[in-house]
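Reader: I am new to this structure and would like to go through it in questions and answers. Please show it to me before we start.

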Amino acid sequence: MATMWRSLSKYICIFILLALAGLFFLFSNINILEQKLNCQAVSMFYQHQSNILLPEGPSPLDRNRSHCSQEPSPEEALEERDLLESIAWPQPQTHSVNVSLNQTSDPAHSLFVILPAGGRREWHVGDQLEVLVHIHDFQGRPKSYGGDFLLARLHSSTLGAGVAGQVLDHRNGTYSAIFPLLWQGSAQVEVTLVHPSEAVHVLRRIREERPDRIPFQSLFRSGKLSQTTVCNLCLPTNQRPLCNYTDPHTGEPWYCYKPKLLSCDTRINHARGPYVNHLLVNKEALLFQNGVNIKVSIHPSGSDSVIVLPEKKADVERSSMKTESTGITPSGYYFQGSWRALGGGVMRQFNVSSATQCLKGKVVYMYGDSTVRQWFEYLNTLVPGLKEFNLYSPKNVGPFMAVDSTHNILLKYRCHGPPIRFNTVIASEMRYVANELDGLTGGSNTVVFISIWSHFSTFPVQVYIRRLRHIRRAVVRLLDRASGTLVVLRSANLQALDPEVSLYNSDWFSVQLDGVLRAMFKGLDVLLIDAWEMTLAHHLPHDLHPPPIIIKNMIDNILSHVCPE
């Protein structure tokens, strides 16, 4: 028995020594083992889940606890204030903010009348036509305050004619729509309620409070380890450390949350995240209904059309009705399906041959969103000698390049820097337009297209002002060193709206940005393509990417300036 215990004690000692050695090895290597296991786990997680490493459901940004851009200089702040005042929208009365649907603007109960109301008047080419719009609520009662978003168009389907009208808000529930009479024959009035004033109030609120309603994200990767984090112009700093991707030249801010296990320089791409839902509170959703109060026509009281007679020498009575007296100066109008620009040169119609000859020896740079990419695609199709060079770029993202070596034509397209809502953009391909412009030599053989607006609709207007300020400075520098360069700016355009799109890309957001663009580049030697009026005046339905016939008219307008008669 004693022999057995002695033998067993020996084995117990050996076992204890082995256990202690094992524990020593484990503790001395636990950090390496933990990191390896974490890396493998995170890598496998992201390969199969692609979740974002942030708390669920982004919350409204608190600017006091967020990392944002630097404050503007005094001169910039003054310009910003003036610009914001120039696009100021009438606020609804305090008691009207939380009204029921029955008390909001109803296009079905509203009406318009051509003035004078008796209809005892004749109109001639060169006159202006005035229409008075009366807005009523769902109970048929007249509204007593303004702020509704209305569009007005004068058109003739038989003549293929159309022109945008200017809407004046009298802030008492009535509006004037004023049109220049530019063609002889029939002219029909069309007035549309885009959003009631109460809906505009909601749009203004979510623009200021929820600039994160379209989130962005970036993939970070090193070896087998990959993580995805949220990115934006402005991020709360109380959640986790940030990666700062602010552009060193322009100072344009961009931040991503730092991955837990990767460094900031491992960022691979940029992408749009899932849209944030549940933005509306209480019964606000009732203000955004298809066929009820989103882009619904207002009916006339009486006739909706007039017959325009040939131009007549103005007498004293009629001279006050000229378009110049009230500043109603549209950029152009359609006649027989073609856009006729007002106040600048003769519009030409370009075909395959004439477009090729016009672009011969030219280099065309295009910067911006998908609305200027449409121009690249149109020209690439129009000019048969152009061959697109395969840069292995993601579809609809770019960059793209097309070359006609016979006629020495080069087209290049590149998307603008963040914020941009494309599905996936390689991080190294995101360039700011101002920096690209600074890299151009310019000259009489250089044409530059710029379109930048749609991807800024979810942000406060100050963000757009800052971006345009950098682009404007770069345009001025380009024209100073190469005055022969033609710079073409494309304005915003109307688009199809539904309850969801209205909260992210409403025409109301676009018209605000459009006003800023026009004001900031006024007086500069640039060509503005008025996509807003060209889509409003046309009979085809509104679309974020206008149909080919409108694109053709835009390109004809540009080429008419590249190669004037």
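Reader: At what angle do the axes of helix H3 and helix H11 cross?

Author: This is a predicted model, in which local features need pLDDT of at least 70 and side-chain atom pairs count only at pLDDT 80 or more, while totals for chains, interfaces and linings use all residues. Residues are numbered from 1 along each chain as its sequence is written, and side-chain values use heavy atoms, with hydrogens and water left out. Helices (H or I, at least four residues) and strands (E, at least two) are DSSP runs numbered from the N terminus, and axes are lines fitted to C-alpha atoms, for helices over the stretch in contact, with angles from 0 to 180 degrees between N-to-C directions. The axes of H3 (residues 197-209) and H11 (residues 507-521) come within 10 Å, and the crossing angle is roughly 70°.

Reader: Are H3 and H11 roughly parallel or roughly perpendicular to each other?

Author: Angles under 35 degrees count as roughly parallel, over 145 as roughly antiparallel, 65 to 115 as roughly perpendicular, and the rest as oblique. The axes of H3 and H11 cross at roughly 70°. H3 and H11 are therefore roughly perpendicular.

Reader: Which residues of H11 make the contact with H3?

Author: Contact means heavy atoms within 4.5 Å. On the H3 side, the residues are Val-200, Leu-203, Arg-204 and Arg-207. By class, the contact of H3 with H11 has 4 nonpolar, 1 polar and 2 charged residues; Ala, Val, Leu, Ile, Met, Phe, Trp, Tyr, Cys and Pro count as nonpolar, Asp, Glu, Lys and Arg as charged, and the others, Gly among them, as polar. The residues of H11 are Trp-508, Phe-509 and Gln-512.

Reader: At what angle does helix H9 pack with H11?

Author: H9 covers residues 461-481, and its axis and that of H11 are 10 Å apart. The two helices are roughly parallel to each other. Their packing angle is about 30°.

Reader: How many charged residues are in the contact of H9 with H11?

Author: Val-461, Tyr-464, Ile-465, Leu-468, Arg-469, Ile-471, Arg-472 and Val-475 of H9 meet Leu-513, Val-516, Leu-517, Met-520 and Phe-521 of H11. Of the residues in this contact, 11 are nonpolar and no residue is polar. The number of charged residues is 2.

Reader: Which strands stand at the edges of the open sheet with the order S13-S14-S11-S10-S15-S24?

Author: Two strands pair if DSSP finds at least two bridges between them. This sheet has 6 strands, and the pairing is antiparallel. An edge strand has a single partner strand, so one side of each is left without a neighbour in the sheet. The strands at the edges are S13 (242-244) and S24.

Reader: Which residue in S15 stands opposite Gln-217?

Author: Strand S10 (residues 216-222) and S15 pair in the antiparallel sense over 2 bridges. Opposite Gln-217 in S15 stands Ala-271.

Reader: How many residues apart in sequence are the parts that the disulfide of Cys-231 and Cys-256 ties together?

Author: A disulfide is a pair of cysteine sulfur atoms within 2.5 Å, and the structure holds 3 of them. In the pair Cys-231 and Cys-256 the sulfur atoms are 2.0 Å apart. Cys-231 lies in strand S11 (residues 225-232) and Cys-256 in strand S14 (residues 255-257), so the distance in sequence is 25 residues.

Reader: Which strands stand at the edges of the sheet with 7 strands?

Author: The order in this open sheet is S21-S22-S23-S20-S25-S26-S27, and the pairing is mixed. Neighbouring strands of this sheet are turned by 20° against each other on average, direction ignored. Each edge strand has a single partner strand, and the two are S21 (387-389) and S27 (527-529).

Reader: Which residue in S23 stands opposite Phe-400?

Author: Strand S22 (residues 400-404) and S23 pair in the antiparallel sense over 5 bridges. Opposite Phe-400 in S23 stands Tyr-413.

Reader: Which residue in S16 is the bridge partner of Phe-112?

Author: Strand S2 (residues 111-114) and strand S16 (residues 296-300) run parallel and are joined by 2 bridges. In S16 the bridge partner of Phe-112 is Pro-300.

Reader: What is omega for the cis peptide bond that joins Leu-115 and Pro-116?

Author: Pro-116 lies in the loop between S2 and strand S3 (123-124). For the cis bond that joins Leu-115 to Pro-116, omega is about -5°.
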